[in-house]
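I set out to read through this structure part by part and to keep a short record of each look-up. The entries follow the order in which I worked.

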Amino acid sequence: MSDNTCISCGMPMRTDEEHGGGDANATHCHHCSAPDGTMKSYDDVLAGMSRFMIDSQGVDADAARKMAAGMMAKLPAWKDRG
Amino acid sequence: MVTRTERKTRAEQKMETRQRLMDRAVRLFSRRGFARTTTAQIARAAGVSHGAVFMHFGSRDALVRAVAGEIGRAITDRLHELAADRASLRQVLRAHLRCIEEREDLYRNILTELPLLPNDARTAWVGIQSAISTHMAKVVRAEMRAGTLRKMPQALLFNTWIGLVHHYLANRELFAPGASVIARHGRTLTNHFLRLVRSQEEKNR
């Protein structure tokens, strides 16, 4: 996985602004960033990714949640979680 | 002792072999589809041992996931650029179709074999479509604010477009036997879709 892919949601970070807190060294993206610049919690990221699929494609809420959890299970920030 | 230069060369060789496996996998998946392509055929085409596929990708599923991811990245990178450049919806639709046309056989095989592809690849595909929808939404919102497009939910606008494009791709033998369905019908589909979503005022101009 590229260094410029968010460790939390897998989004490619193509510009500095897309990194958490606008910090090019941050390994998480602006979507996965809490207001203080730190990475959001698992539950918050899960909710955000589910909402992304619901809003963009009208995916069923449970189906979106399952897919988001599946995606997150492969990502560095969450793969060792439970 | 391994020198720094030798280590770099080995890393480069590893990258080259990985890329060659990806290239051959893309070629075979495009030509023969996923179900009829084995890892042994990919290894043979790349001129490496069968084990090399698993050394570089871990599993066949991971290779399929990587191929789906690469095509998705190529499309979303292009649309991301256009959305950032404040392109028009027509420009975004045309770029989307051009990206598909450049790898139409592979795209069509992913589409028609999707229910049988590994879970990871299927989930990645949904993520890619969501990213495409989101890039489209950026230019759509600007055009809705300007009053040139009818107001409608992002998901319905995207599903209307992708439903149309995917129907033509999945049934290529009906719409463009032995040829590129995007090359033959892309312009018609783009014009039709824009007529559907344009506001009445814009149509009257």
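**Entry 1: Chain B as a whole**

I began with the secondary structure of chain B and found 11 helices and 0 strands. I noted that the model is a predicted one. Reading from the N terminus, I wrote the order of elements in chain B as α-α-α-α-α-α-α-α-α-α-α.

I then looked up the extent of chain B: its C-alpha atoms fill a box of roughly 75 × 45 × 25 Å along the principal axes. Chain B has 205 residues, and 46% of them count as buried. Among contacts in chain B with a separation of 6 or more, I recorded that 68% come from residues 24 or more positions apart.

**Entry 2: The two domains of chain B**

I looked up the domain assignment next; it divides chain B into domain 1 (1-58) and domain 2 (68-204). The C-alpha centres of these two domains of chain B are 31 Å apart.

How many residues of each domain are in contact with the other? I found 8 residues of domain 1 of chain B in contact with 7 residues of domain 2 of chain B. Together the two domains bury about 640 Å², and carbon and sulfur atoms give 63% of that area. On the domain 1 side, I noted B:Met22, B:Ser30 and B:Phe34 as the residues that lose the most area to domain 2 of chain B, with 66% of what that side buries.

I counted 0 salt bridges between domain 1 and domain 2 of chain B. The count of residue pairs in polar contact between these domains is 4. By class, the side of domain 1 of chain B that touches domain 2 has 5 nonpolar residues, 3 polar and no charged.

**Entry 3: Where chain B meets chain A**

I turned to the contact between the chains, to which chain B gives 18 residues and chain A gives 14 residues. The area buried between chain B and chain A is about 1300 Å², with 55% of it on carbon and sulfur atoms. Of the area that chain B buries against chain A, I noted that B:His80, B:Thr123 and B:Ser130 supply 35%, more than any other three residues.

I counted 10 residue pairs in polar contact between chain B and chain A. Which elements of chain B give two or more residues to this side? They are helix H4 (60-84), helix H7 (119-145) and helix H8 (154-170) of chain B. H7(B) gives the most, with 10 residues. By class, I recorded 4 nonpolar, 11 polar and 3 charged residues on the side of chain B that touches chain A.

**Entry 4: Salt bridges**

Side chains of opposite charge can pair when their charged atoms come close. I therefore searched the whole structure for such pairs and found 9 salt bridges over all chains. B:Asp120 lies in helix H7 of chain B and A:Lys74 in the segment after helix H2 (61-72) of chain A, so this pair joins two chains. Between B:Asp120 and A:Lys74, the closest N and O atoms are 3.3 Å apart. B:Asp120 is partly exposed at 29% relative accessible area, whereas A:Lys74 is exposed at 52%. The count of salt bridges between chain B and chain A is 2.

I also found A:Arg14, B:Arg73 and B:Asp77 linked in a network of salt bridges.

Within chain B, I noted a salt bridge of B:Glu173 with B:Arg108, at 3.1 Å from N to O. B:Glu173 lies in helix H9 (residues 172-175) and B:Arg108 in helix H6 (residues 104-113) of chain B, so the pair ties together parts that are 65 residues apart in sequence. Is B:Arg108 buried or exposed? With a relative accessible area of 16%, B:Arg108 is buried, because buried means under 20%. B:Glu173 counts as partly exposed at 47%.

Another salt bridge joins B:Glu102 and B:Arg103, whose closest N and O atoms are 3.8 Å apart. B:Glu102 counts as exposed at 59% relative accessibility, and B:Arg103 as partly exposed at 24%.

**Entry 5: A residue of chain A**

Last, I looked up A:Ser33, which lies in the segment before helix H1 (42-57) of chain A. A:Ser33 counts as buried at 12% relative accessibility. Its side chain reaches the backbone oxygen of A:Gly37 at 3.4 Å. Leaving out residues up to four places away in sequence, I found that A:Ser33 touches A:Gly20, A:Gly21, A:His28, A:Thr38 and A:Lys40.

Key
Residues are numbered from 1 along each chain as its sequence is written. Chains are lettered from A and ligands numbered from 1 in the order in which they are written. This is a predicted model: local features need pLDDT of at least 70, side-chain atom pairs count only at pLDDT 80 or more; totals for chains, interfaces and linings use all residues. Side-chain values use heavy atoms; hydrogens and water are left out. Contact means heavy atoms within 4.5 Å. Buried area is the accessible area (1.4 Å probe) that two parts lose on being put together, summed over both. A salt bridge is a side-chain nitrogen of Lys or Arg within 4 Å of a carboxyl oxygen of Asp or Glu. A polar contact is a pair of N or O atoms within 3.5 Å; within protein, one must be able to donate a hydrogen and the other to accept it, and residues adjacent in sequence count only if both atoms are side-chain atoms. Helices (H or I, at least four residues) and strands (E, at least two) are DSSP runs, numbered from the N terminus. Ala, Val, Leu, Ile, Met, Phe, Trp, Tyr, Cys and Pro count as nonpolar, Asp, Glu, Lys and Arg as charged, and the others, Gly among them, as polar. Domain bounds come from an automatic or database domain assignment. Buried means under 20% relative accessible area, exposed over 50%, partly exposed in between (1.4 Å probe, protein chains only).
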